[in-house]
Amino acid sequence: MEQNRYWWKECVFYQIYPRSFQDSNGDGMGDLRGIINRIDYLVELGVGAIWLGPVCSSPNDDMGYDISDYQSIMEQFGTMEDWEELRDKLHENGIRILVDLVVNHTSDEHPWFLEARSSKDNPKHDYYIWRPGKDGKEPNNWASFFTPSAWQYNKETDEYYLHLFSIKQPDLNWHNPAVRKEVYDMMAWWLDKGADGFRMDVINLLCKTPGLPDGGGKTDMNGYVFPTEHICDIDPIHEYLREMAKAVYADKDIFTVGECISLTTEEGRKYTARKDRELDAVFSFSHIDMDGQPEGKWYYRPWKLPELKGRLTEWQHGIGRGWLGLFWSNQDQPRALSRFGTTGVYRERCAKMLAVVLHNLRGTPFIYQGEEIGMVNVPWTSTHQLRDVESLNFAANCRRTGAGEEFMWDALRRKARDNARTPMPWNDGPNGGFTTGTPWIMLNPDYPQINVEKARRDPDSVFHFYRRLVAMRKENLIMCYGGYRLLWPDDPEVFAYTRELEGEKWLIAANFSDSACGREWPREAGKPQALILSNVDSAAAPTEDILHLEPYEAVIIRCQ
Ligand code: GLC
């Protein structure tokens, strides 16, 4: 085997968005006890680990990604005892747990920031990033992810503070050694508590170009520029991550995966080089960013299959000896089926197809809650239905600048993060069995048709297909460690590739179109031996002449 073996390469992860998974006390919001009550579901699915979204104390301006205390549990989600019980019950079932580490910023209600903003002389002032205004305006032209400007005025010190996300998420000053030490101590505390690793929120944004110069790209509708070149992978980010590893986890059998914005393969390789153990894996957003324009995700850009294949393949090779977290969706993205597939009559078949394609790439697959039952986007009709700060600010901006309702609704229905945040529909009863109270955000109105109970009952469901794929990974090291080779890069309908490990060879082929198609058998794959898996009942035994694929069919064929 070309690589060392690691547990985190050989299992499938499941991402839980705690607020929307399962409510246990009728307040309309998911909580830790709700997750505890659903452990059976995770066991049935067969996953080896969960990434638990942020559950620390937070005023919830950005739904928990604005943390006001890193060492206590958000009241609405339960108590530290609940977290410990969840950890124990997961561990008893052989499931590991990742903590969501959010340390590019804190909440503006974090005690550090309350002190920092009170006076320039406060010892905590330098925990954050401050600049005087320029000609009575913001210090530079940076746009934030969620608001027009990335700067907010602070009266007490007559300065602006930097916030790459919402006004309530001030960026920490990572150049201050005291900040780094606080973070490392906190991380060590979570590992002592029995966490099995971290998903690291926007970890490649920790450092910014010294002097914070203006961004050079295109201005957005508010006249600001998104400063990618000044915030992604800036020196000395690698040094800090090595320092973090050394201080917290370099010698531990835990797993770290970093969310990395606008990442290049070169940087991805550096983060995941085993030598210094900066990160074990990265999430690249190359395939996700494909349908956005340079001005940002809201500006839709149509895409074609060869581009998707190209982007995924660039990373399959580009990560080199490093490692990838594989995903179609998460709490920030639209539902995978609505974005990469179809929501019509072939919805279920297509959901299985996307799963086959992802789970056979090289890397560790992450299932985002609801994907395993084939959930789709929501047909939003009013901004009152939305809850996400990003969506609401975008809608307000569109209305303020006259961008047009049509543009706004098309963008929200396609891309709003709320699409992925509607509650898990457990059954077709009131509120889908998610809560006995009023859900914090509406359920997808299709929950009577798309819900867990229905999926569990139907042996042909997306859910049971996912179970098979998850189980296959445990028995087939080729899925974890096999070499990858793309076939037919320009084919507009079929995504086909091979995996190969120690003499074993698989062909994976998926038809991304709604009509059947045939292709001459690819000689590079060798000779077909047996059909290992198809998402179509009537799939025929493979022959050496023609590879036939029904609409949205995906096959795995053993070759020789
Ligand atoms: C990450 C999170 C997202 C959050 C942002 C700021 O992108 O996934 O949900 O809003 O960071 O913390």
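**Exercise 1. A hairpin**

Which residue in β13 is the bridge partner of Q293?

Solution. This is a predicted model, in which local features need pLDDT of at least 70, side-chain atom pairs count only at pLDDT 80 or more, and totals for chains, interfaces and linings use all residues. Residues are numbered from 1 along each chain as its sequence is written, and side-chain values use heavy atoms, with hydrogens and water left out.

- Step 1. Find the strands: β12 covers residues 292-293 and β13 covers residues 296-300. Strands (E, at least two residues) and helices (H or I, at least four) are DSSP runs, numbered from the N terminus.
- Step 2. Check the pairing. β12 and β13 are antiparallel, with two bridges. Two strands pair if DSSP finds at least two bridges between them.
- Step 3. Read off the partner: Q293 bridges to G296.
- Step 4. Look at the connection. Two residues make the hairpin link from β12 to β13.

**Exercise 2. Two open sheets**

Give the strand order of the sheet with eight strands and of the sheet with three, and identify the edges.

Solution. Strands of a sheet pair through backbone hydrogen bonds, either parallel or antiparallel.

- Step 1. The eight-stranded sheet is open and parallel, in the order β11-β10-β9-β5-β2-β1-β15-β14.
- Step 2. Its edges are β11 (281-283) and β14 (325-326). Each has a single partner strand, so one side of each has no neighbour in the sheet.
- Step 3. Take one pair inside this order. β5 (residues 96-101) runs parallel to β9 (residues 197-200), joined by three bridges. D100 stands opposite R199 in β9.
- Step 4. The three-stranded sheet is also open, but antiparallel, with the order β6-β8-β7.
- Step 5. Here β6 (130-131) and β7 (151-154) are the edges; each has a single partner strand, so one side of each is left without a neighbour in the sheet.
- Step 6. Two antiparallel bridges link β6 to β8 (residues 159-162). In β8, Y160 is the bridge partner of R131.

**Exercise 3. The ligand site**

How many residues surround the ligand, and which are the closest?

Solution.

- Step 1. Count the residues with a heavy atom within 4 Å of the ligand. There are 14.
- Step 2. The closest are D62, D201, E259, Q331 and D332.
- Step 3. Test for polar contacts, meaning pairs of N or O atoms within 3.5 Å. A side-chain N or O atom of E259 is 2.9 Å from a ligand oxygen. For Q331, a polar side-chain atom is 2.7 Å from a ligand oxygen. For D332, the distance is 2.4 Å.
- Step 4. Check the cover. Alone, the ligand exposes 310 Å², and the protein buries 97% of that (Shrake-Rupley method, 1.4 Å probe).

**Exercise 4. Cysteines**

How many disulfides does a search of the whole structure find?

Solution.

- Step 1. Apply the cut-off: a disulfide is a pair of cysteine sulfur atoms within 2.5 Å. The search finds zero.
- Step 2. Take C232 as a case. The nearest cysteine sulfur, that of C260, is 9.1 Å away.
- Step 3. Check burial. Buried means under 20% relative accessible area, exposed over 50%, and partly exposed in between (1.4 Å probe, protein chains only). C232 is buried at 9%. C56 is buried at 7%.
- Step 4. Add C480, in helix α17 (residues 477-481). C480 is buried at 0%. Its C-alpha atom is 6.2 Å from that of R362, although the two residues are 118 residues apart along the chain.

**Exercise 5. Backbone details**

Where do M63, R277 and P236 lie, and what marks each?

Solution.

- Step 1. M63 is in the loop between β3 (56-57) and β4 (69-73). M63 is not a glycine, yet has a positive phi of about 50°. M63 is buried at 12%.
- Step 2. R277 lies in the loop between α8 (265-272) and β11. Phi of R277 is near 55°, again positive in a residue other than glycine. R277 is buried at 8%.
- Step 3. P236 is in the loop between α6 (228-231) and α7 (237-249). A cis peptide bond joins D235 and P236, with omega about -5°.

Methods:
A residue is near a molecule or strand if one of its heavy atoms lies within 4 Å of it. A polar contact is a pair of N or O atoms within 3.5 Å; within protein, one must be able to donate a hydrogen and the other to accept it, and residues adjacent in sequence count only if both atoms are side-chain atoms.
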